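Reader: I've got a chain up on my screen and a coffee in hand. Could you walk me through it, one question at a time?

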Amino acid sequence: MDPPPQDTILNSMYQLWILGALDNLGSLTQLGRKMAEFPVDPPLSKMILVANDLGCIDEVLTIVSMISVPSIFFKPKDKLQEAEAAREKLLIPESDHLTYLNIFEQWKKHNYETGWATEHFLQAKSLRKVREVRSQLMDIAKELGFKITSCDYNYDLVRKAICSGYFINASKVKGMGDYVNLRTGMPCKLHPSSSLFSLGYIHEYVVYHELIMTSKEYMNCVTTVDPYWLAELGPMFFSVKG
């Protein structure tokens with residue numbers, strides 16, 4: 001096996017340092033040790049740890065599990081409009097992450113029924129996998145001594161936890177659907193599938209899970225954030241002007 005390119009290693013170490021998993025000498029921090037216990041990408045494990053501090057770990061474990069499983073939506077070509085209408089009923093306007101949470105909670109309310117999932121054009125097999133991943137993450141959290149708390153629909157806490165893992169992917173609005181990455185200056189767009197896409201009004205600051213590179217750079221899985229959170233959670237990049 002060939003070793004990974006030097007740039008890839010340096011970028012990964014830089015990301016871990018930014019998230020607080022490595023110290024200035026490149027050694028694993030106490031936070032980093034806990035993050036390493038979760039078999040998910042570093043931004044997602046950071047979200048879990050911050051959610052534990054904010055009292056919304058129950059919700060964030062669901063979101064992380066939903067992101068960790070391939071697409072849960074299906075759109076049959078002969079029923080595109082019905083599929084879109086069913087999806088719209090489940091959207092949470094300010095966040096794709098919260099939309100994922102809402103979908104799982106609704107499925108749970110309907111006793112995890114396959115019929116309900118199919119009716120809403122959701123892949124029941126993928127949702128069952130989400131439940132499995134969530135159970136594994138929950139076990140790890142309990143082993144680490146975390147108390148499984150819920151924020152009872154205080155979604156600001158959940159969005160702040162999401163921001164803690166993704167402030168490196170923060171973007172500011174430039175025009176309707178157009179954003180620019182605050183750190184790199186790269187232009188990026190809201191993906192048409194985003195719950196923020198057809199709101200009719202603009203959120204100034206967002207963070208995203210990843211970029212999908214097609215003819216343009218589209219932000220995938222987007223959540224609106226408060227700029228003060230960016231300054232608090234990513235002080236190496238952001239500050240609030242007086």
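**Starting with one leucine**

Author: Let's begin with L16, which counts as partly exposed because its relative accessibility is 25%. Keep in mind that this is a predicted model.

Reader: Which helix does L16 sit in, and which residues does L16 touch beyond four places away in sequence?

Author: L16 belongs to the helix that covers residues 6-18, namely α1. Leaving out residues up to four places away in sequence, the contacts of L16 are A21, L22 and P42.

Reader: How far apart in space are L16 and P43?

Author: In sequence, 27 residues separate L16 and P43. Going from C-alpha to C-alpha, the distance between L16 and P43 is 8.7 Å.

Reader: Zooming out, is the chain as compact as a globular protein of that length, or less compact, and what is its radius of gyration?

Author: The secondary structure here adds up to 10 helices and 5 strands. For 242 residues the globule rule gives 18 Å, and the radius of gyration is close to that, so the chain is as compact as a globular protein of that length, with a radius of gyration of 18 Å.

Reader: What share of the contacts in the chain with a separation of 6 or more comes from residues 24 or more positions apart?

Author: For background, buried residues are 44% of the 242 in the chain. Among contacts with a separation of 6 or more, the share from residues 24 or more positions apart is 63%.

Reader: And the surface: what percentage of the accessible surface belongs to carbon and sulfur atoms?

Author: The chain has an accessible surface of about 13000 Å². Carbon and sulfur atoms take up 51%.

Reader: How far apart are the mean positions of the positive and negative charges?

Author: There are 25 positive and 28 negative charges in the chain. Take the mean position of each set, and the two are apart by 1 Å.

Reader: Now helix α6: what do its buried residues pack against?

Author: Helix α6 runs over residues 96-109, and its end-to-end C-alpha reach of 20 Å is close to the expected 20 Å. Its buried residues include L98, L101, F104 and W107. In an α-helix, residues three or four places apart point the same way, because there are 3.6 residues a turn. The partners of the buried residues in α6 are the helices α4, α7, α8 and α9 and the strands β4 and β5.

Reader: How far apart are the end C-alpha atoms of α8?

Author: α8 has 20 residues, so at 1.5 Å a residue it should span 28 Å. Its buried residues include L127, V130, R134, L137 and M138, and their cover includes α4, α6 and α7. The end C-alpha atoms of α8 agree with that expected span, being apart by 29 Å.

Reader: Which residue with a positive phi follows α8?

Author: Phi there is near 85°. The residue is G145.

Reader: F121 has a positive phi as well; is F121 buried or exposed?

Author: Most residues other than glycine have a negative phi. F121 is not a glycine, yet its phi is about 55°, and its place is the loop between α7 and α8. The cut-off for buried is under 20% relative accessible area. F121 comes in at 11%, so F121 counts as buried.

Reader: What about Y153, buried or exposed?

Author: Y153 lies in the loop between α8 and α9, and its phi is positive too, near 70°. Exposed means over 50% relative accessible area. Y153 has 59%, so Y153 is exposed.

How values were computed. Residues are numbered from 1 along each chain as its sequence is written. This is a predicted model: local features need pLDDT of at least 70, side-chain atom pairs count only at pLDDT 80 or more; totals for chains, interfaces and linings use all residues. Side-chain values use heavy atoms; hydrogens and water are left out. Helices (H or I, at least four residues) and strands (E, at least two) are DSSP runs, numbered from the N terminus. The radius of gyration is taken over C-alpha atoms; the globule rule is 2.2 Å times the number of residues to the power 0.38. Buried means under 20% relative accessible area, exposed over 50%, partly exposed in between (1.4 Å probe, protein chains only). Contact means heavy atoms within 4.5 Å. Accessible areas come from the Shrake-Rupley method with a 1.4 Å probe; for residues, only the protein chains shown count as cover. Lys and Arg count as positive and Asp and Glu as negative; His and the chain ends are not counted. The place of a charge is taken as NZ of Lys, CZ of Arg, CG of Asp or CD of Glu. The expected span of a helix is 1.5 Å times one less than its number of residues.
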